[in-house]
Amino acid sequence: MAETSYDLVIIGAGPGGYIGAIRAAQLGMKVGVVEKRAKLGGTCLNVGCIPSKALLHSSEKYREAVHGFAKHGIKAQVELDLATMMKRKDGVVDQLTKGVAFLFRKHKIDHLAGHGTIKGTGLVEVDGKPVKAKSIVIATGSESMPLPGVAVDEKRIVSSTGALELAKVPQSMIVIGAGYIGLEMGSVWSRLGAKVTVVEFLDRSTPGMDGEVARQLQRILAKQGLAFKLGSKVTSATAGADGVTLTVEPSMGGASETMNAEIVLVAIGRRPFTEGLGLDAVGVARDKRGFVEVDAHYQTNIPGIYAIGDAIQGPMLAHKAEEEGVALAEMLAGQAGHVNYETCPGIVYTWPEVATVGKTEEQLKEAGRDYRAGKFPFTANSRAICNDEKDGLVKILADAKTRRILGAHIIGAEAGDMIHAVVNVMEFGGAAEDLARSFHGHPTYNEAVREAALAVAGRARQM
Ligand SMILES: Cc1cc2nc3c(=O)[nH]c(=O)nc-3n(C[C@H](O)[C@H](O)[C@H](O)COP(=O)(O)OP(=O)(O)OC[C@H]3O[C@@H](n4cnc5c(N)ncnc54)[C@H](O)[C@@H]3O)c2cc1C
């Protein structure tokens, strides 16, 4: 361990912790980051965003090769080599986690390897060794939410971590939970050949997503082969040598039934992870769901102890954690750090992708807001027709009077990249017309975003 005294000690080297550390180092602070995992980068780089996106990309290529090449006049004999696909994914993780280690060296940030425990204001122990810090940041992230009666063994009954590591394609898989992680991992294994059934407690998939877009996504995924069993709750699971038997009953009550699958993925959400941090002894307040409570400056009830990322309230997303890390570092340096949560995008990396920012139609209706919706389907977008990626639409929601953009919801190829044009306009408080009057290269998927912005004023030209 290089030092025993720091301006800032951050516990957790995920996106919140490592990006916050880099910003603090840029601002002249002496920074140490405590991380118990062998590799830096947290959940996101090791067992979250990155490995899942690597497998989503590989499996989509496989699906395309099996089902999509023929119509382009390409004949191919396709064979899956899962071991190589997994090795590539591991290589991606390795490269990016090493990248974080490089950035730490570059910015003279110390990686304090080991388990961090907070002993009080200004004092952390790393594997029992004391480290002093003017400020301490809890950036310890989250873990998979357990489901009573369904014990995860990471072999037959897996969390997302186990689902990223399966050694063979299961014949059948039941995904418990129709949130983004369940649908992404379900898509991976469905594309590779598993018969995937998604069981969801609610009567809809992707809770929180704009209803129209969520329904389209479910319809498209069903066409791809995913089966959905909504309004159903899993009450118990028994794992045997050949698979898992689940007891499932209607969420609202009724007769139970059994379902079998070779593999069961539990993906019912995530919860903050603060185990072994010593928060009770120090008196750091948490809410009923275990999130560390913070004020507008990310400070907990204990002076000098802060928290960011998945460990606090808000969307559990890597970029949200990053923005909070940066804002906190800037505030600690006496600057005006700020996070605009209204423009935080959310992306589901299925194919097609779904990307959303701001309010949904349901939220606007509930708030009684006078709004206009401008929509444009990809069936009328020239690039989508060229590429045979016609599924989906762009929906822009704007204030009826000022036309200020209040939300945008895109389902379509590369939606996750497209959404950022709207995010930027929203960040500047822009109106649908600002988007509509900007140049858009032709032919691009982004032209559908412009057409949806024009449609807010009833002026779409291409349909
Ligand atoms: C399968 C999956 C896919 C995902 N995909 C996406 C995506 O595509 N886009 C997106 O934005 N988000 C995605 N997420 C969510 C994203 O990973 C999290 O929102 C993000 O990692 C949160 O960052 P964080 O810095 O708060 O914490 P984390 O990334 O969870 O990092 C916390 C770190 O703290 C360490 N730690 C905890 N306690 C201690 C301790 N006491 N001492 C030392 N170290 C400790 C942990 O080992 C961990 O490395 C995904 C998550 C999963 C599981």
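A residue is near a molecule if one of its heavy atoms lies within 4 Å of it. In this predicted model, 40 residues lie around the ligand, and Glu35, Thr43, Lys53, Gly116 and Ala318 come nearest. The points below begin with the ligand and its surroundings, then turn to two helices, two buried residues and some backbone details.

**The ligand and its shell**

- On its own the ligand has 1000 Å² of accessible area, and the protein covers 97% of that area.
- The elements that give two or more residues to the shell around the ligand are α1 (15-26), β2 (31-35), α2 (42-47), α3 (49-68), α6 (180-191) and α9 (318-332), and α2 gives the most, with four residues.
- By type, the shell around the ligand is made up of 17 nonpolar residues, 17 polar residues and six charged residues.
- Oxygen atoms of the ligand take part in polar contacts with the backbone: an N or O atom of the backbone of Pro15 lies 3.4 Å from a ligand oxygen, and a polar backbone atom of Cys44 is 3.4 Å from an oxygen atom of the ligand.
- With Tyr180 the contact is made by the side chain, where an N or O atom is 3.1 Å from a nitrogen atom of the ligand.

**Helices α6 and α7**

- Helix α6 has 12 residues and reaches 16 Å from its first C-alpha to its last, which is close to the 16 Å expected at 1.5 Å a residue.
- Helix α6 is mostly covered, with 10 of its 12 residues buried, and among these are Glu184, Trp189 and Arg191.
- Helix α7, residues 211-224, has 14 residues and reaches 20 Å between its first and last C-alpha, close to the expected 20 Å.
- The buried residues of α7 are Gly211, Val213, Ala214, Gln216, Leu217, Ile220 and Leu221, and they pack against α6, β11 (227-229), β19 (353-358), α10 (361-366), β21 (393-399) and β22 (405-412).
- In an α-helix there are 3.6 residues a turn, so residues three or four places apart point the same way.
- A glycine with a positive phi follows each of these helices: Gly193 comes just after α6, with a phi of about 125 degrees, and Gly225 follows α7, with a phi near 120 degrees.

**Two buried residues**

- Ser58 is placed in helix α3 and counts as buried because its relative accessibility of 10% is under 20%.
- Leaving aside residues up to four places away in sequence, Ser58 touches Met85 and Arg88.
- Asp399 is placed in strand β21 and, at 11% relative accessibility, also counts as buried.
- A polar atom of the side chain of Asp399 lies 2.9 Å from the backbone nitrogen of Thr402.
- Beyond residues up to four places away in sequence, Asp399 touches Arg369, Asp370, Tyr371, Arg404 and Leu406.

**Backbone details in loops**

- Most residues other than glycine have a negative phi, and most peptide bonds are trans.
- The peptide bond from Trp351 to Pro352 is cis, with omega near 0 degrees, and Pro352 lies in the loop between β18 (346-348) and β19.
- His442 and Pro443 are also joined by a cis peptide bond, with an omega of about -5 degrees, and Pro443 is in the loop between α13 (432-436) and α14 (446-456).
- Asp127, in the loop between β5 (123-126) and β6 (129-138), has a positive phi near 45 degrees and counts as exposed at 51% relative accessibility.
- Arg403, in the loop between β21 and β22, has a positive phi near 65 degrees and is partly exposed, with a relative accessible area of 23%.

Technical notes
Residues numbered from 1 in each chain as written. Predicted model: local features only at pLDDT ≥ 70, side-chain atom pairs only at ≥ 80, totals over all residues. Heavy atoms only, no water. Polar contact = N/O pair within 3.5 Å; in protein donor to acceptor, adjacent residues only side chain to side chain. Areas by Shrake-Rupley, 256 points an atom, 1.4 Å probe, with all protein chains shown as cover. Nonpolar A, V, L, I, M, F, W, Y, C, P; charged D, E, K, R; others polar. Expected span 1.5 Å × (residues − 1). Buried < 20%, exposed > 50% of the residue type's maximum accessible area, 1.4 Å probe, protein only. Contact = heavy atoms within 4.5 Å.
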